[in-house]
Amino acid sequence: MGKTGKRNPLIEDKVEALLTQMTLEEKIGQMTQVRHFDDISLEDIRERFIGSVIHTQGPLPGKDALEWQAKFSAFQKEALSTRLGIPLLFGVDAVHGQNTFEGATIFPHNIGLGATGNVELVENAAAITAIEAKATGFQWVFSPCVAIPFNEKWGRVYEAFSESTELTTKLSSASVRGHQGSEENVGVMATAKHFIGDGATDFGVEGGHTSLRKEEVLEFLIPPYQAAIDEGVGAIMASFNTLNNISMHAHKAMLTDLLKERLAFEGILVSDWKAYSRFGENDIILAGIDMVMAVDGDLDLFQEGVKKGVDHGDIPLERINDAVRRILRQKFRFGLFDRPYPDKDLINRIGIPAHRSVARQAVRESLVLLKNETQTLPLRKDQKIVVVGEFADNSGLQSGGWTVNWQGTTENYQGATTILEGIKKFAKNEVYYDPNGSAAYPDAEVALIVVGETPYAEFFGDIGGEMDVFQHTLTETHRSYLRTYAEKGIRTVVILITGRPLVVTDQIDQSNAFVVAWLPGSEGDGLAEVLYGHFDFKGKLPHSWPKSEADYSGKYGPNAWDPSADPLFPFGFGLCYQK
């Protein structure tokens with residue numbers, strides 16, 4: 001399969017032969033992606049000619065992978081029983097591993113992978129995600145996010161690799177390759193998202209307005225998409241933001257004229273959540289959207305609305321045919337007609353040690369050392385250590401959003417190791433644990449203060465946004481953990497769990513060592529391997545690091561492309577043990 005910039009003549013012949021047999025209702029059905037498995041019936045799949053199903057927050061398909069596969073197979077059987085037997089595509093938001101399935105391998109979020117700068121590692125992580133996604137019944141993942149964040153107030157910064165277009169472009173290519181595999185070893189269909197300007201909105205507002213000039217869009221934002229297209233990415237998702245005061249979902253100049261024609265994208269252009277009822281109904285089809293995501297509650301509105309649009313001449317039939325060609329092309333390309341059912345043999349590969357080893361490597365290489373005063377690190381195994389803070393022994397808190405649940409979880413989940421567990425593996429003496437920062441262990445030589453952001457996803461995480469929950473500094477409670485131990489004269493190492501750069505200038509000054517751990521995922525013990533010196537620090541900042549909240553008083557943050565920026569630490573900064 002691999003890079004498919006050119007159309008495969010054999011597949012094109014199959015697509016055209018099938019298309020000529022399809023009724024308008026069957027074509028519109030292929031453009032329909034329904035939400036969940038309890039929102040529709042088996043009869044809907046058969047009689048409404050559904051093209052795709054998305055699994056996201058909501059009812060689970062079953063209690064284990066075998067039941068998940070069985071649920072998908074039951075739906076697939078109905079699709080194959082239709083007149084033309086066109087198989088379903090099952091999609092999932094597997095953005096850092098198969099993160100909707102408890103017990104899967106969960107990698108660091110993309111911002112951590114950006115800190116590694118390791119192309120091979122990113123490709124390997126994506127390939128493992130593909131295996132575990134297929135093992136739970138999916139052929140399509142809505143990843144990677146190839147945004148270029150301009151303002152770290154945005155609640156999705158951690159879904160992107162970096163503020164650097166060059167780094168993002170390299171890692172986007174690797175992610176698509178890893179997810180999609182090769183002709184000999186077919187993976188899952190990847191999705192580059194969100195086209196375009198999602199991370200470059202004014203003041204970092206999710207779904208807000210992007211005021212960049214066209215030349216800036218082409219320079220900063222397009223290269224990762226072009227790289228993904230060059231790798232043969234099967235899908236691209238449209239964005240919630242506006243550009244030139246036009247919703248991207250209805251922006252024909254960008255979706256059709258630029259993406260499909262100028263950039264020669266041959267795959268499926270999929271909408272984001274419930275876009276049909278949200279962004280002008282048939283306008284999004286006319287603009288170039290091929291498949292509409294999550295028509296739960298909107299099934300009749302969508303299918304009847306599009307049919308009426310075609311019947312009345314508002315939507316050209318060729319626009320419908322273009323959409324269906326693209327959908328069928330990917331279904332043939334990813335082998336759904338030949339292998340429509342899940343592979344039960346893959347189930348025993350979910351969360352296996354070999355996969356977790358790669359995730360642990362990703363954790364080690366993502367860690368960024370900002371300060372190491374008087375060789376506080378690496379730790380000695382004979383030191384008396386106190387580990388401080390609730391984040392230290394909670395795999396949910398260390399993993400961020402899109403982990404088990406859409407907004408993440410604040411509890412431990414199956415198969416994961418915590419930071420505290422990792423420290424205990426290496427320490428020779430008893431490791432104290434102080435979850436509330438009570439400082440009840442005065443004989444400790446070193447305090448590991450683990451603090452950071454609680455999980456969030458999408459607009460819920462916008463700083464100063466409509467939810468108004470998050471801030472660009474640590475909470476007073478977390479600041480007090482460090483302050484209390486520092487005042488007692490105990491050497492302190494801060495481990496920051498975060499999905500973006502935070503304003504922690506004072507805390508860096510107060511600490512003896514400061515480590516940015518991002519959102520490490522399920523393998524929390526990877527931190528201990530570096531803290532104890534079994535591996536050196538390799539991570540480099542994928543974003544410029546702010547000095548103060550004033551750095552975010554304008555539309556954008558202190559990014560490397562801004563010559564007037566004066567960050568506390570520049571993009572690419574990171575210390576290591578070896579001089």
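A residue counts as buried here when its relative accessible area is under 20%. By that yardstick, in this predicted model, helix α9 has a buried set made up of Met254, Leu255, Thr256, Leu258, Leu259 and Lys260. Some of these residues turn up again where α9 meets its neighbour, helix α8. Two packed helices are described by the angle between their axes and the distance between the axes. For α8 (residues 214–230) and α9 (residues 252–262), the angle is about 50° and the axes lie 11 Å apart. The two helices are therefore oblique to each other, and α8 passes α9 in a right-handed crossing. On the α8 side the meeting residues are Val217, Leu218, Ile222 and Ile229, and on the α9 side they are Met254, Leu258, Leu259 and Arg262. Just past the end of α9 comes Ala264, with a positive phi of about 60°.

Next come the strands in this part of the chain. Strands of a sheet pair through backbone hydrogen bonds, either parallel or antiparallel. One open sheet is built from three strands in the order β6-β8-β9, with mixed pairing. Its edges are β6 (209–210) and β9 (246–247), each of which pairs on one side only. Strand β8 (residues 242–243) runs antiparallel to β9, and two bridges hold the pair together. Leu243 has Ile246 of β9 as its bridge partner.

Strand β7 (residues 235–238) has partners of its own. Four bridges link β7 to strand β5 (residues 191–195), and the two run parallel. Another parallel pairing, over three bridges, ties β7 to strand β10 (residues 268–270). Ile236 of β7 figures in both pairings: Ala192 stands opposite Ile236, and so does Leu269 in β10. In a regular strand the side chains alternate between the two faces of the sheet. That pattern shows up in β7, where Ala235 and Met237 point one way and Ile236 and Ala238 the other, all of them buried.

Further along the chain there is an open sheet of six strands, again with mixed pairing, in the order β11-β16-β15-β14-β12-β13. Here β11 and β13 (432–434) are the edge strands, pairing on one side only. On average, neighbouring strands in this sheet are turned by 20° against each other, direction ignored. Within the sheet, β12 and strand β14 (residues 446–452) run parallel and share four bridges, with Leu448 of β14 as the bridge partner of Val387. Helix α17 (residues 476–487) packs on this sheet and touches β12, β13, β14 and β15, its direction making about 165° with that of β14. Helix α16 (residues 419–426) also lies across β12, β13, β14 and β15 (491–497), running at about 170° to β12.

The loop between β11 (368–372) and β12 (385–388) holds Leu377. Is Leu377 buried or exposed? Its relative accessible area is 2%, so Leu377 is buried. Neighbours within four places in sequence aside, Leu377 is in contact with Leu369, Asn372, Val493, Ala513, Val515, Leu531, Phe537 and Tyr577. The C-alpha atoms of Leu377 and Gly533 are separated by 7.8 Å, although these residues sit 156 residues apart along the chain.

As for cysteines, the structure holds zero disulfides. Cys145 is buried, with a relative accessible area of 2%, while Cys576, at 28%, is partly exposed.

Technical notes:
Residues numbered from 1 in each chain as written. Predicted model: local features only at pLDDT ≥ 70, side-chain atom pairs only at ≥ 80, totals over all residues. Heavy atoms only, no water. Pairing = 2+ DSSP bridges. Disulfide = S-S within 2.5 Å. Buried < 20%, exposed > 50% of the residue type's maximum accessible area, 1.4 Å probe, protein only. Axes fitted to C-alpha atoms, helices over the stretch in contact; angles between N-to-C directions. Parallel < 35°, antiparallel > 145°, perpendicular 65-115°, else oblique. Left-handed = near helix turned anticlockwise from the far one by under 90°. Contact = heavy atoms within 4.5 Å.
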